Amino acid sequence: MSNQSINRRTFLDLSAKAAAIAVGFPTIVPASVFGKNAPSNRINIGAIGTGRISRGHDMPGVWQYENANIMAVCDLDSNRANDAKKLVNDFYSKKTGKDYDGVKVYTDYRELLTNKDIDAVIVSTPDHWHAPIVIHAVEAGKDVYMQKPASLTISEGRMMADAVKRSGRIVQVGSQQRSSKQFRYAAELVRNGRIGDLKTVYVGLPGDPGGDEEPQMPVPKNLNYDMWLGTTPEVYYTEKRVHPQMGYDRPGWLRCEQFGAGMITGWGAHHIDCAHWAMDTEHTGPVEIWGKADFPKSGLWNVHGIFQTEALYKNGVKMVVSNEIPNGIKFEGTKGWIFVSRGDASVTASDPIAKQNAAKALDASDPKIITSVIGPNEINLPISKEHHGNWLDSIVSRKEPIAPVEIGHRSCSACLLHHAAMKLNRKLYWNPDKEQFINDPEANKLLSRPQRKEYAIVASNSKKPAKKA
């Protein structure tokens, strides 16, 4: 390793150790130590999973910052990995006005994690791979930006959150609405009593239609399909189960329960997270959940369709979640209501919300509510101007990011509780402290899923990755 690499790595490791000892006293290296534009002053990053969300959101979100350097890309589809290499190289070539070929390609994330020059990783994979990769990454000493939802199951989400806590690494969950000013402001208005006592929260989500049966197809030579399935059961390959082999349209795995829970976690992880922010329930969860949903009776795509679920929190607030109410979050209190949404903003062109009529980003029963000024002696929530930038700032300062993993886990858990109510079609009672259903063995079976031995997540302090494919 070069002296510059040692300087950067030593700084980041020492900063992490110092932060673990003295929380709240960040160590920031001044530019004069290495020189403002010195390579050692940059955070070297590897991108794991280089599909639609990575290309359109996560890599551009990171490469816009001078202190970030994407030096590696990884995908189980070698065509996508090579496309990502070209994408990043072309960006840096255009930026510098010089030929650039500084990006290394991997097709196994575990090999990428052994690269000591890589300080941090972006995890933009399908949902079922989020927790395993994050656990391995933090155990390898990497800071992480991970796409939401935090996990496929509540059990593996807890394992991941605990692993991050043990490691002392910085992990930002991609709940980027926390970096949108209208969501923060709405949460501040609710917390500061502008609508009186909060009574009910309505969360509106997009929906996903079912699909036809799809024929078995030969596995493309460029795809490591067995590893792509990961912890989940072996099933035959068909293109609409995975992702398009041509282009980067919305992938089919988003609509397969084997790899996720559908929109209840896909968008629910955003909206329920922001609802928790306003409700001051970020480190807990509901105590009762009930509801119902329609599930496709045939076809490859089998996530929930039309649904309505409800939950009661210990503080007496009720949450209603459905894809039959406007997309966004409505807070109803004793003195009025506030509605907040993304408005006309979307992350990618194929985002379902981009095809709908955009609602107002912020609205209220009385216009005076949303022109209210939050005073310095009131509750002022942390400010993040941009989500990826907030993560990079946290890597340097070793301060907690705007969307830390424990909060992301709790948001995802709440979504999965609503999903459990859909599956069982009855009222469930939840202990948020123990993270268990109360006197309900049938419901508790839904906290985890059987995992294939080769890729199973090990609940221990072991730093050994799963057996190599």
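Gln308 stands opposite Ser322 in strand 10, a good place to start in this predicted model. Helices (H or I, at least four residues) and strands (E, at least two) are DSSP runs, numbered from the N terminus. Residues are numbered from 1 along each chain as its sequence is written. In this predicted model, local features need pLDDT of at least 70, side-chain atom pairs count only at pLDDT 80 or more, totals for chains, interfaces and linings use all residues, and side-chain values use heavy atoms, with hydrogens and water left out.

**Strand 10 and its partners**

- Strand 10 covers residues 318-322, and 4 of these 5 residues are buried, so the rest of the structure largely encloses the strand; buried means under 20% relative accessible area, exposed over 50%, and partly exposed in between (1.4 Å probe, protein chains only).
- On one pairing, strand 9 (residues 307-312) joins strand 10 in the antiparallel sense over 5 bridges; two strands pair if DSSP finds at least two bridges between them.
- The hairpin of strand 9 and strand 10 has 5 residues between the strands, and Gly316 there takes a positive phi near 90 degrees.
- Strand 7 (residues 198-204) runs parallel to strand 10, with 5 bridges joining the two.
- Ser322 is the bridge partner of Gly204, and Ser322 also stands opposite Gln308.

**Helix 6**

- How many residues of helix 6 (residues 130-139) are buried? The count is 10 of the 10, so helix 6 is largely enclosed by the rest of the structure.
- Among the buried residues of helix 6 are His130, Pro132, His136 and Glu139.
- What do the buried residues of helix 6 pack against? Their neighbours include strand 1 (43-48), strand 4 (120-123), strand 5 (143-146) and helix 7 (154-167).
- After helix 6 comes Gly141, with a positive phi near 85 degrees.

**The chain as a whole**

- The protein chain has 14 helices and 15 strands, and 57% of its 469 residues count as buried.
- Of the contacts (heavy atoms within 4.5 Å) with a separation of 6 or more, 74% come from residues 24 or more positions apart.
- About 20,500 Å² of the protein chain is exposed, with carbon and sulfur atoms supplying 52% of it; accessible areas come from the Shrake-Rupley method with a 1.4 Å probe, and for residues only the protein chains shown count as cover.

**Confidence**

- The mean pLDDT (the predictor's confidence in each residue, from 0 to 100) of the protein chain is 90, and 86% of its residues reach 70 or more.
- Over residues 1-6, pLDDT stays under 50, and the model has 6 contacts beyond four places in sequence for them.
- Residues 462-469 also stay under 50 in pLDDT, with 18 contacts beyond four places in sequence.
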